[in-house]
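User: I've got this chain open on my screen and I'd like a close look at one part of it. Could you walk me through the last helix and whatever packs around it?

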Amino acid sequence: MSTSHDAQAGARPRAGKSDAGQRRGGLPPLVVVLLLALVGLLAVLWLPLGVLARVAALVLLWISPRWSVRDKSLATLVAVVLTAALDVFLYFVDPAGVTPQRLAAAVEIVLPASAAGWLWRTRR
């Protein structure tokens with residue numbers, strides 16, 4: 001009787017350390033970081049695509065266990081809140097000339113990319 005019990009117990013795979021590493025993260029952190037880095041560029045090229053990418057990047061970031069709540073909050077602040085505040089400011093102020101618009105587009109690309117770089121550096 002103990003041999004059949006041992007055979008049944010051996011037939012079921014046990015969750016070891018190798019399985020825990022595979023189940024832990026879901027998506028690789030590179031996917032989240034690249035999507036967040038490209039958000040600004042996509043928003044400058046075509047706004048609806050940028051908005052969709054921003055929402056997808058935020059959802060993937062917040063469901064990922066690779067970063068702490070502090071890291072996620074800081075990345076959200078830099079990549080989303082500051083760029084949205086810049087957009088609202090430019091909408092209401094509407095500075096004349098091409099230079100402020102180009103500067104704003106550069107900031108829209110650099111802020112999410114810098115947040116993504118910081119997330120890549122602080123991943124677990």
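Analyst: Here is a walk around that helix, with its partners and a few single residues along the way.

Before we start, this is a predicted model, where local features need pLDDT of at least 70, side-chain atom pairs count only at pLDDT 80 or more, and totals for chains, interfaces and linings use all residues. Residues are numbered from 1 along each chain as its sequence is written, and side-chain values use heavy atoms, with hydrogens and water left out.

First, the setting. The protein chain has six helices and zero strands, where helices (H or I, at least four residues) and strands (E, at least two) are DSSP runs numbered from the N terminus. Read from that end, the elements go α-α-α-α-α-α. Of the 124 residues, 27% count as buried; buried means under 20% relative accessible area, exposed over 50%, and partly exposed in between, with a 1.4 Å probe and protein chains only. The chain exposes about 8,300 Å², and carbon and sulfur atoms supply 70% of that (areas come from the Shrake-Rupley method with a 1.4 Å probe, and for residues only the protein chains shown count as cover). If you take contacts between residues at least 6 apart in sequence, 67% of them join residues at least 24 apart; contact means heavy atoms within 4.5 Å.

Now to your helix, H6, which covers residues 98-122. Two packed helices are described by the angle between their axes and the distance between the axes. The axes here are lines fitted to C-alpha atoms, for helices over the stretch in contact, and the angles run from 0 to 180 degrees between N-to-C directions.

Take H3 (residues 29-45) as one partner: H3 and H6 pack at about 175°, with axes 7 Å apart. That makes H3 roughly antiparallel to H6 (angles under 35 degrees count as roughly parallel, over 145 as roughly antiparallel, 65 to 115 as roughly perpendicular and the rest as oblique). On the H3 side the contact includes Pro29, Leu30, Val33, Gly40 and Ala43, and on the H6 side Glu108, Ile109, Pro112, Leu119 and Trp120 are among the residues involved.

Alanine 43 is a handy one to click on in H3. At 11% relative accessibility, alanine 43 counts as buried. Leaving out residues up to four places away in sequence, alanine 43 touches Gly50, Arg54 and Glu108. Alanine 43 and alanine 53 sit 10 residues apart in sequence, with 8.4 Å between their C-alphas.

H5 is another partner: H5 and H6 pack at about 180°, with axes 9 Å apart, which makes H5 roughly antiparallel to H6. From H5 the contact takes in Arg70, Asp71, Leu74, Leu82 and Leu90, among others, while H6 brings residues including Val107, Glu108, Leu111, Trp118, Leu119 and Thr122. So Glu108 and Leu119 are listed in the contact with H3 and also in the contact with H5.

Zoom in on aspartate 71, which has its place in H5 (residues 69-93). Aspartate 71 is buried, at 7% relative accessible area. Outside its neighbours within four places in sequence, aspartate 71 is in contact with Trp118, Leu119 and Thr122.

Follow H5 to the other end and you meet the structure's one aromatic pair. The ring centres of tyrosine 91 and phenylalanine 92 are 5.2 Å apart and the planes stand at 80°, so the pair is edge-to-face (rings of Phe, Tyr and Trp, the last by its six-membered ring, pair if their centres lie within 6.5 Å; planes under 30 degrees apart count as stacked, over 60 as edge-to-face and the rest as tilted). Both of these residues are exposed. Then comes aspartate 94, in the loop between H5 and H6. Aspartate 94 has a positive phi of about 50° although it is not a glycine, and at 54% relative accessibility it counts as exposed.

Last stop: tryptophan 120, which lies in H6. Tryptophan 120 is partly exposed, at 33% relative accessible area. Not counting residues up to four places away in sequence, tryptophan 120 touches Pro29, Leu30 and Val33. Arginine 123 lies over the face of tryptophan 120, 3.7 Å from the ring centre (a charge sits over a ring if NZ of Lys or CZ of Arg is within 6 Å of the ring centre and within 35 degrees of the ring normal). Tryptophan 120 and arginine 66 are 54 residues apart in sequence, yet 9.9 Å apart in space, C-alpha to C-alpha.
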